[in-house]
Amino acid sequence: MDTSFDTQTLIIGAGIIGLTIAVDQHLRGQTVVLLDPDGPSSRASYGNAGYLSPASIFPPASYVSATGLLRMLVQPSGPLVIRPGHLPSLLPWLLRMLRANQPHQRQAGAKAVAALHRNVVADYAPLLRAAEAEEFIDAQGALAICASPAMLETYRKKAGEQQAHGFACETVSPDRARELEPVLGDTFAGGIYFADAARCVDPGELGVRLAACVTKGGGQLVRHAATRLRPAPEGGWLVDSTERTWRARRVIVAAGRWSDRLLTPLGYRVPLASERGYHLMLPTPGVSLNRPIIFADGFFTATTMRRGMRLAGTAEFADADAPMDAKRAWILYEQARQHLPELDASGAVPWMGVRPALPDARPALGQARGHEGLYYCFGNHYQGMTQAATCARLMGKLLAGETPDIDLAPFDLNRFQ
Ligand SMILES: Cc1cc2nc3c(=O)[nH]c(=O)nc-3n(C[C@H](O)[C@H](O)[C@H](O)COP(=O)(O)OP(=O)(O)OC[C@H]3O[C@@H](n4cnc5c(N)ncnc54)[C@H](O)[C@@H]3O)c2cc1C
């Protein structure tokens, strides 16, 4: 082992992706340095809906027609907005996204994501055990409810395709849905029950536990931001950070939405957009759900967590750092109340986070072409909580020189070159 390195493996970003990779490395007997100026799970990985959704193999945009998308865009309180002034810079991304939604590309993408999602819940088990955090994932399925018959029909069709890929999806009547979730009103046409889904009951605290596991095992979590990556002339990598330069044998870029800032200067094309989502945390909701409920027509999810009920979703394309628009979080409450009439919003707290969105809604996961010792995992979009443990397992195999058990070509960053 070359002792002139500060660390063999340096991971940039301590969101759920960087943290699960770090714990997987710990289980393989490797210590890592994690760099993140904000500490563990502080961004998207803090405020997501905690819905582990193996069957979600299609991009969200595929649940609505092109005219439906346009209709959404002209409704300020709808599930999708593009901030004024953001459209010109987003246009190339939107065109790529529309291309990825063509039937042939969509089918190929779904097949690749289905392979990635095969064991997403089970892959968490060893990481949770190592972090003594098994109680953070609760596997009781999930329920999508559809208010309009048209949305129910869309979900039914998708369920057929999801079943064909091996995921458990059952169409349920309103009565059966209320058996599963007695607090639901009688305001919907039906739903789909996803038996192999699960929920995380506290995504932020799970990140803290995973980080503690890494540091107890001898790893370091350092509150520096990486500013530049340079191949070292004598081998390995030099990572400039806000405080110093680190030398590592290999580097993993797992900086979520901000990964492009490190990879673009090295010549990689990284078409990441900032698809911002909101949540409203209700500390005393007055009602409790047994599993995540997806409100299909509103494109958001309600999850009962340790600290109350979280309503999370919506898509707002804007600069990552633009101030949040708390109204978008409150819209979720107004919509959820239609189906959960007893819902209480006393003391509710709005939050906004940035999904790392690649136009084909598939993550980038692999070894950089043309730069030995450089790896990446980001762009997990709507699915980072779902995919993290599996991505970590696959990254562990790549780092160890083992053959991954799924084809990683569909996740290669090179697809955008
Ligand atoms: C409202 C909402 C609801 C969601 N619901 C779900 C859900 O129910 N299920 C699901 O599977 N997914 C969900 N997601 C998506 C999921 O949260 C993300 O895909 C996931 O958190 C991405 O993880 P990450 O680690 O890549 O990114 P992040 O959590 O954003 O972490 C990236 C980290 O990198 C750090 N960083 C950035 N630049 C640097 C740098 N230069 N140097 C060092 N560190 C850096 C940041 O500080 C940050 O901590 C949701 C997202 C949102 C916004």
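Q: What makes Arg244 and Asp6 a salt bridge?
A: Their closest N and O atoms are 3.0 Å apart. The term asks for a side-chain nitrogen of Lys or Arg within 4 Å of a carboxyl oxygen of Asp or Glu, so this pair passes. Arg244 sits in the loop between strand 12 (237–241) and strand 13 (245–253), while Asp6 is in the segment before strand 1 (7–12), so the bridge links parts of the chain 238 residues apart (helices, H or I, of at least four residues and strands, E, of at least two are DSSP runs, numbered from the N terminus).

Q: What kind of model is this, and how are residues numbered?
A: It's a predicted model: local features need pLDDT of at least 70 and side-chain atom pairs count only at pLDDT 80 or more, but totals for chains, interfaces and linings use all residues. Numbering runs from 1 along each chain as its sequence is written, and side-chain values use heavy atoms, with hydrogens and water left out.

Q: Why does the pair Glu205 and Arg307 count as a salt bridge too?
A: Here the closest N and O atoms are 3.9 Å apart, which still falls within the cut-off, so the name applies. The structure holds 29 salt bridges, and the count between domain 1 and domain 2 is 2.

Q: What are domain 1 and domain 2?
A: Domain 1 is 7–45 + 205–271 + 361–416, and domain 2 is 55–117 + 136–200 + 272–357, with bounds from an automatic or database domain assignment. Their C-alpha centres lie 27 Å apart.

Q: How do you know that the two domains touch, and how many residues take part?
A: Domain 1 gives 32 residues to the contact and domain 2 gives 27, where contact means heavy atoms within 4.5 Å. On the domain 1 side, that's 15 nonpolar, 9 polar and 8 charged residues. Helix 12 (384–399) brings the largest share of that side, 5 residues.

Q: What is buried between the domains?
A: About 2500 Å², 67% of it on carbon and sulfur atoms. That's accessible area (1.4 Å probe) lost on putting the two parts together, summed over both. Arg257, His381 and Tyr382 supply 27% of what domain 1 buries against domain 2, more than any other three residues.

Q: Where does UniProt place the "domain: FAD dependent oxidoreductase" feature?
A: The unreviewed UniProt entry puts that feature at residues 10–397, though annotations may be inferred rather than shown by experiment. In the model, the span is 33% helix and 26% strand, and its end C-alpha atoms lie 16 Å apart.

Notes. Ala, Val, Leu, Ile, Met, Phe, Trp, Tyr, Cys and Pro count as nonpolar, Asp, Glu, Lys and Arg as charged, and the others, Gly among them, as polar.
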